[in-house]
Amino acid sequence: MTGIATRYLYLVRHGEALPDESGLTERGRRQATLLGQRLREIPFAAVHHGPLSRAEQTARLIGDQLKNVPLHVSEVAGDFVPYVPEMDELPAASADFYLRFLAGATDEERKHGPALARQALDLFTGAVAAEEDRHELVVTHNFLVAWFVRDAMHAPKWRWLGLNHCNAALTVIRYAPGRPASILVSNDMRHLPAELRWTGFPAELHI
């Protein structure tokens, strides 16, 4: 009989992107390579990445530093709006701000984003039916990292809003059998020198 083992989910926002988002900058490539070096001793079962070039390039550069770990492209690891709240779900003081932020989402995004977000939780979260612990890396985008963190904290669905992650920062969530999810690491950049940290954040938030 197959046992139930712990899943360790490693979440990474892609490296710094070019202005047209067609790929990574030189800084972004360095970020990805350094993150791969940090992760090279982790026994990953797989690296999953979104289909956009900035996520794919990041995943491949990380994968170059790993030991024969397969890379899989996944639509559910892509860049999408995971949930669009109604005004009455949001705190009164910030409702207008968040709704303005989401106003640019198309009808297509509003329809398919939440479906992909649900699929992502089904695919990547929870303990696993296995004899040994599983380590998986998902190279994705800020919105989806925030969605996973929100879910791990059992926060309301709208609370992915306002959770921001730097380029090539690392977040790790543990899903142990019979226990709530635990966020072990969040937005960690220790693998990056100072000049490569905080990309993706506005200047006033750099610390």
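## A walk through the aromatic pairs

A search of the whole structure turns up 7 aromatic pairs. Keep in mind as you click around that this is a predicted model.

**Stop 1: Y98 and W158.** Select these two and show their side chains. They make a tilted aromatic pair, with 6.1 Å from centre to centre and 50° between the planes. The angle explains the label: pairs count as stacked under 30 degrees and as edge-to-face over 60, so 50° falls into the tilted class.

Now colour by secondary structure. Where do Y98 and W158 lie? Y98 is in helix α3, residues 95–102, while W158 is in the loop between α5 (142–152) and β7 (170–175). The pair therefore ties together parts that are 60 residues apart in sequence.

Turn on a surface next. Are Y98 and W158 buried or exposed? Y98 is buried, at 12% relative accessible area, and W158 counts as buried too, at 11%.

**Stop 2: F101 and F143.** Stay on helix α3 and pick F101, then add F143 from helix α5. Their ring centres are 6.0 Å apart and the planes meet at 70°, so this pair is edge-to-face. Here the pair links parts of the chain that are 42 residues apart in sequence, because one ring is in α3 and the other in α5.

With the surface still on, check both rings. F101 is partly exposed, with 46% relative accessibility. F143 also counts as partly exposed, with a relative accessible area of 22%.

**Stop 3: add F97.** Go back to Y98 and W158 and select F97 as well. Ring pairs join F97, Y98 and W158 into a cluster.

**Stop 4: R150 and W147.** Next, show the side chains of these two. What does R150 lie over? R150 sits over the face of W147, 4.2 Å from the ring centre.

**Stop 5: two backbone oddities.** Hide the side chains and look at the backbone of E21. Its phi is positive, near 60°, and the residue is not a glycine. You'll find E21 in the loop between β2 (7–13) and α1 (26–39). E21 is partly exposed, with 44% relative accessibility.

Then jump to A168, which is not a glycine either but has a positive phi of about 60°. A168 is in the loop between α5 and β7, the loop that also holds W158. How buried is A168? Its relative accessibility is 0%, so A168 counts as buried.

How values were computed. Residues numbered from 1 in each chain as written. Predicted model: local features only at pLDDT ≥ 70, side-chain atom pairs only at ≥ 80, totals over all residues. Heavy atoms only, no water. Phe/Tyr/Trp six-rings, centres within 6.5 Å; stacked < 30°, edge-to-face > 60°. Helix = DSSP H or I, 4+ residues; strand = E, 2+ residues; numbered from the N terminus. Buried < 20%, exposed > 50% of the residue type's maximum accessible area, 1.4 Å probe, protein only. Lys NZ or Arg CZ within 6 Å of the ring centre and 35° of its normal.
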